[in-house]
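Trainee: I would like to walk through this model with you, one question at a time. Where shall we begin?

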Amino acid sequence: MRQPALPVLALLPLLLIGATACSGAPEGPALAPAAAPAVPVDDGAPGAGEDPAAPGAARSAAKDAHVGDAVRVRGRQMGRHLQAVLNAYVDPAVSVEKNYAPPAGKRWVAASMSFVNVGGDSYGELGHMWAYDSAGGRHRVVPTGELTTGKPLVFDSLAVGQRAEGWVVFEIPEKARIVRLQYQDANMQANSAEGFWAV
């Protein structure tokens, strides 16, 4: 004897509601973005959270930092990590010694830099810094002694957590316009361990 279809039809709305509830539950979490962890300022250096050996790693997405920005510089040597900040930039830079000035046709520009060893080991000698002009010329740091804006940056090594700050000076042609500064780790390999600032 056939059973009446009424009980099955009566259960149909309940089955549909149950299926909707089961299929709809994961949609909210799946569509909502996960909370992003705080990250340091883009340091323009391959190796910051990526494999520096990967083609185009970090360089393609790198941006120049600006005055006041902290840049994390990660060397390939184990434990060699610095946090670098461009605190200020002056043009021209002037020595406290009245008779000490750049040669004719040249001028000094200077950057106030601070470095903190944020690695797991002592950080040896400071790396290299360069100033780039709008024509693509690259200019190295020159020794000038104390400036009217402050003392020069000097350190031989930094213990973990130790900080050093001071001014670095670049000698450039009188008519050159500096647009970018670069810090480069002394043990730099494969374009890793560097940071850039636009000025």
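Mentor: Let us settle a term before we go on: two strands pair if DSSP finds at least two bridges between them. Keep in mind, too, that this is a predicted model.

Trainee: Thanks! Then which residue in strand 3 is the bridge partner of alanine 88?

Mentor: Begin with the strands involved: strand 2 covers residues 81–90 and strand 3 covers 106–117. These two strands pair in the antiparallel sense, over eight bridges. One bridge links valine 90 to alanine 110 in strand 3. For alanine 88, the partner in strand 3 is serine 112.

Trainee: And which residue is the bridge partner of serine 112 in strand 6?

Mentor: Strand 3 also runs antiparallel to strand 6, and 11 bridges join them. In strand 6, serine 112 has as its bridge partner tryptophan 167.

Trainee: In what order do the four strands of the open sheet lie?

Mentor: The pairing in this open sheet is antiparallel. Strand 1 and strand 6 are its edge strands, each pairing on one side only. Neighbouring strands are turned against each other by 30° on average, direction ignored. The order of the four strands is 1-2-3-6.

Trainee: How many of the 12 residues of strand 3 are buried?

Mentor: Two examples help here. Serine 114 is found in strand 3 and is buried, with a relative accessible area of 2%. Phenylalanine 115 lies in strand 3 as well, and at 0% relative accessibility it counts as buried. The strand is largely enclosed by the rest of the structure, because the number of its residues that are buried is 11.

Trainee: Serine 114 has a polar side chain, so to speak of its surroundings: which side chain does a polar contact of 3.4 Å join to that of serine 114?

Mentor: Leaving aside neighbours within four places in sequence, serine 114 is in contact with residues including Gln83, Ala84, Val85, Arg163, Ala164 and Glu165. Asn87 is on that list too. The 3.4 Å polar contact is between the side chains of serine 114 and asparagine 87.

Trainee: What distance separates the C-alpha atoms of phenylalanine 115 and leucine 86?

Mentor: Phenylalanine 115 touches Leu82, Gln83 and Ala84, among others, not counting residues up to four places away in sequence. Its contacts also include Leu153, Phe155 and Tyr183. Along the chain, phenylalanine 115 and leucine 86 are 29 residues apart, and their C-alpha atoms are separated by 9.2 Å.

Trainee: How many residues does the largest nonpolar core have?

Mentor: Nonpolar side chains tend to be buried together in soluble globular proteins. Here, the residues with the most contacts inside the largest core are Met113, Phe115, Leu153, Phe155, Phe170, Tyr183 and Trp197. Strands 1, 2, 3, 4, 6 and 7 each supply at least two residues of this core. Its residue count is 26.

Trainee: And how many residues are in the other core, which lies apart from it?

Mentor: Among its members are Val90, Trp108, Trp167 and Val169. The number of residues in this other core is seven.

Trainee: Which side chain does a polar contact of 2.8 Å join to that of histidine 139?

Mentor: Histidine 139 has its place in strand 5 (residues 138–140), and at 11% relative accessibility it counts as buried. Beyond four places in sequence, histidine 139 touches residues including Met129, Trp130, Phe170 and Ile178. The 2.8 Å polar contact is made with the side chain of aspartate 133.

Trainee: Is the peptide bond from aspartate 91 to proline 92 cis or trans?

Mentor: Proline 92 has its place in the loop between strand 2 and strand 3. Omega for the bond from aspartate 91 is near 5°, and the bond is cis.

Trainee: Over which residues does pLDDT stay under 50?

Mentor: The mean pLDDT of the protein chain is 73, and 63% of its residues reach 70 or more. Where pLDDT is low, the predicted coordinates should not be read in detail. The model has 38 contacts beyond four places in sequence for the stretch where pLDDT stays under 50, residues 4–61.

Definitions and conventions
Residues are numbered from 1 along each chain as its sequence is written. This is a predicted model: local features need pLDDT of at least 70, side-chain atom pairs count only at pLDDT 80 or more; totals for chains, interfaces and linings use all residues. Side-chain values use heavy atoms; hydrogens and water are left out. A nonpolar core is a set of buried Ala, Val, Leu, Ile, Met, Phe, Trp, Tyr and Cys residues joined through side-chain atoms within 4.5 Å. Buried means under 20% relative accessible area, exposed over 50%, partly exposed in between (1.4 Å probe, protein chains only). A polar contact is a pair of N or O atoms within 3.5 Å; within protein, one must be able to donate a hydrogen and the other to accept it, and residues adjacent in sequence count only if both atoms are side-chain atoms. Contact means heavy atoms within 4.5 Å. pLDDT is the predictor's confidence in each residue, from 0 to 100. Axes are lines fitted to C-alpha atoms, for helices over the stretch in contact, and angles run from 0 to 180 degrees between N-to-C directions.
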